[in-house]
Amino acid sequence: RLREEVQSQSAPSPLRKFRVGKLQISALFDRLRTLLSDCSAFLAATHIEADDFMKEQKEIGVFSSQVSSISKLFERDHMKVVFVGQTSNGKSTVVNAMLYNRILPSGIGHTTNCFVSVSGSDANTPYIIDSLSSEQQPISNVLQLANALHPEGSLNQSGLIRVFWPTTKCRLLGDDVDLIDSPGLDLSNDINQWIDDYCMDADVFVLVANAEATLKVAERAFFFKVNEKLSKPNVFILNNRWDASDNEIDDSPERVREQHLEYASKFLADELKVVSRSKILDRVFFVSARETLLYRTTENWTRFKESQAVRDRYDEFRRFEQAFERTICKSAMKTKFEHRIVRGLDIAYSLAEIAGKAETLSKEQISGRIKEINERKENAARIRQLGERSLKCCSALVDRLAATSRASVARAMNE
Ligand code: GDP
């Protein structure tokens, strides 16, 4: 089953749409850039002396630099998901489970005390860059990364360590998704700064909550703040550690689940108004990141075969991933591409107008030249006629002169 799942990872996913869309739109912008330079060259060649197109040439210069800047953005475009929650709710474990790899250190003693982003890299070996040294350091295992995250006098909560992992090892990273793990919300004293520094361009937020408790004040406060700064953020709630429900003795898991769902609906639909109540099951999931990670990284994990509850939780994690992929792709396409496409269209319309004006003027010039040529032709004919007439007159005059001179010679001889 896992083999099938991993194989299906190479099949097109909703995330692939982002990559394909990015390549297609970026190709259109390349074409627009060529058209702009063609148009500019045409204007320069046809109207060298006239300053009819000085304003348009300047405009084309501005459009070209705008198109170049937009094209560069496509190279850097990634979809971004930020994971938040209280310390030890399982944020790092969720990230690892989604990446099918133990990349981030997790567990007691490995509290993430700064922001950590995980991105794909074309290099064959993983490396990290921290915001203090900005140097690329090779990293070969989780322990080494754990030490890098906790050196003496290391980064504060607002620092960032960027982990680059080979895209060949994780499909999600190959599909241009950046995953950001954050310090526990209980550790933070400056949520505003966090949001400004790391969350303003996030396409999706995943609140990793503890299914054994209700949402904490800090978790709710974070999302009220995010909601103030971003319009309608995409929020998922993962009720993690749902495996604990196996040991529930005082209450049935179904009842606890209903309670959590009602609480999440109130929070997301009624208070934040980021999703409607009817769509709440696409946003709230009951999972065990630990089991998912174990299943995805341990061969022949027998508990999976033995327990239906474990398999159900795993399926719920998959459902979360599918909903997440659909949402992040849609959001990233809209936020990253929409305004660029609108700008590209504006430029294309303006270019069409300039080209139209150039065409009209060129036609006028051509008809002007034809008129000029015709006039020249008529003049030439008139000159020719005049010449012919003059020639006739001259030769008649010559004849008369000759006759006169012959007569006067004869007269003289007679005398
Ligand atoms: P973080 O501080 O939010 O990043 O939490 P970690 O991912 O480091 O997890 C803290 C501890 O909780 C680790 O020992 C994990 O193995 C454990 N843990 C994470 N997810 C689960 C889960 O779904 N069920 C159980 N039982 N333990 C979990």
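This tour moves through a predicted model, stop by stop, naming what to select and what is found there.

**Stop 1: the largest pocket**

Begin by selecting Lys80, Asp201, Ala202, Asp203 and Lys336, the residues that lie nearest the centre of the largest pocket. The pocket has a volume of about 940 Å³, and its lining consists of 37 residues. Next, colour the elements that give two or more residues to this lining: helix H3 (54-76), strand S2 (115-121), strand S5 (160-166), strand S6 (177-181), helix H7 (191-199), strand S7 (204-210) and helix H12. Which element provides the largest share of the lining? It is H12, with eight residues. By class, the lining of this pocket divides into 16 charged, twelve nonpolar and nine polar residues.

**Stop 2: the largest cavity**

Two cavities of 30 Å³ or more are found in a search of the whole structure. For the largest cavity, select Ala209, Asn210, Ala213, Thr214, Leu215, Ile237, Asn239, His260, Tyr263 and Ala264, which line it. The space in this cavity is about 80 Å³. Strand S7, strand S8 (235-240) and helix H9 (253-271) each supply at least two of the lining residues, and H9 gives the most, with three. The lining of the largest cavity has six nonpolar and four polar residues, and no charged residues.

**Stop 3: the second largest cavity**

Now select Ser288, Glu291, Thr292, Tyr295, Trp301, Phe304, Val310, Arg313 and Tyr314, which line the second largest cavity. About 40 Å³ of space lies there. Helix H10 (289-297) and H12 each supply at least two residues of this lining. The classes in the lining of the second largest cavity are five nonpolar, two polar and two charged residues.

**Stop 4: helix H4 and its end**

Select residues 91-99, which form helix H4. This helix is mostly covered, with nine of its nine residues buried. Among them are Lys91, Ser92 and Thr93, and the buried residues also include Val94, Asn96 and Met98. Continue to Tyr100, which follows H4 and has a positive phi, near 55°.

**Stop 5: two phenylalanines**

Select Phe29, which is found in helix H2 (residues 14-46). Is Phe29 buried or exposed? With a relative accessible area of 4%, Phe29 is buried. Add Phe74 to the selection: Phe29 and Phe74 are 45 residues apart in sequence, and their C-alpha atoms are 10.0 Å apart in space.

Then select Phe63, in helix H3. Phe63 is buried, with a relative accessible area of 8%. For a second distance, add Glu306: the C-alpha atoms of Phe63 and Glu306 are separated by 63 Å, and the two residues are 243 apart along the chain.

**Stop 6: salt bridges between distant parts of the chain**

The structure holds 25 salt bridges. Select Arg16 and Asp175, whose side chains meet in a salt bridge of 2.7 Å, N to O. This pair links distant parts of the chain, 159 residues apart: Arg16 is in helix H2, and Asp175 is in the loop between helix H6 (171-174) and S6. Arg16 is partly exposed, at 27% relative accessible area, whereas Asp175 is buried, at 1%. Extend the selection to Arg171 and Glu325, for these two are linked with Arg16 and Asp175 in a network of salt bridges.

Move on to Asp176 and Arg19, whose side chains meet in a salt bridge of 3.1 Å, N to O. This pair also links distant parts of the chain, 157 residues apart, with Asp176 in the loop between H6 and S6 and Arg19 in helix H2. Asp176 counts as buried, at 4% relative accessibility, and Arg19 counts as partly exposed, at 35%.

**Stop 7: along helix H12**

Select Arg319 and Glu316, which form a salt bridge with the closest N and O atoms 2.6 Å apart. Because Arg319 and Glu316 are three residues apart in helix H12, they are separated by about one helical turn. Arg319 counts as partly exposed, at 43% relative accessibility, and Glu316 is buried, with a relative accessible area of 6%.

Finally, select Ile341, Leu345 and Tyr349, which make a nonpolar surface patch of about 310 Å². Tyr349 is placed in helix H12 (residues 308-414). Tyr349 counts as exposed because its relative accessibility is 59%, and the cut-off for exposed is over 50%.

Key: Residues numbered from 1 in each chain as written. Predicted model: local features only at pLDDT ≥ 70, side-chain atom pairs only at ≥ 80, totals over all residues. Heavy atoms only, no water. Patch = residues over 30% accessible without salt bridge, like charges linked within 9 Å, V, L, I, M, F, W, Y side chains within 5 Å. Areas by Shrake-Rupley, 256 points an atom, 1.4 Å probe, with all protein chains shown as cover. Salt bridge = Lys/Arg side-chain N within 4 Å of Asp/Glu carboxyl O. Helix = DSSP H or I, 4+ residues; strand = E, 2+ residues; numbered from the N terminus. Buried < 20%, exposed > 50% of the residue type's maximum accessible area, 1.4 Å probe, protein only. 1 Å grid on protein atoms, 1.4 Å probe; cavity = no way out; pocket = protein on both sides within 12 Å on 5 of 7 lines; lining within 4 Å. Points joined across faces, edges and corners; volume = space filled by probe spheres on them. Nonpolar A, V, L, I, M, F, W, Y, C, P; charged D, E, K, R; others polar.
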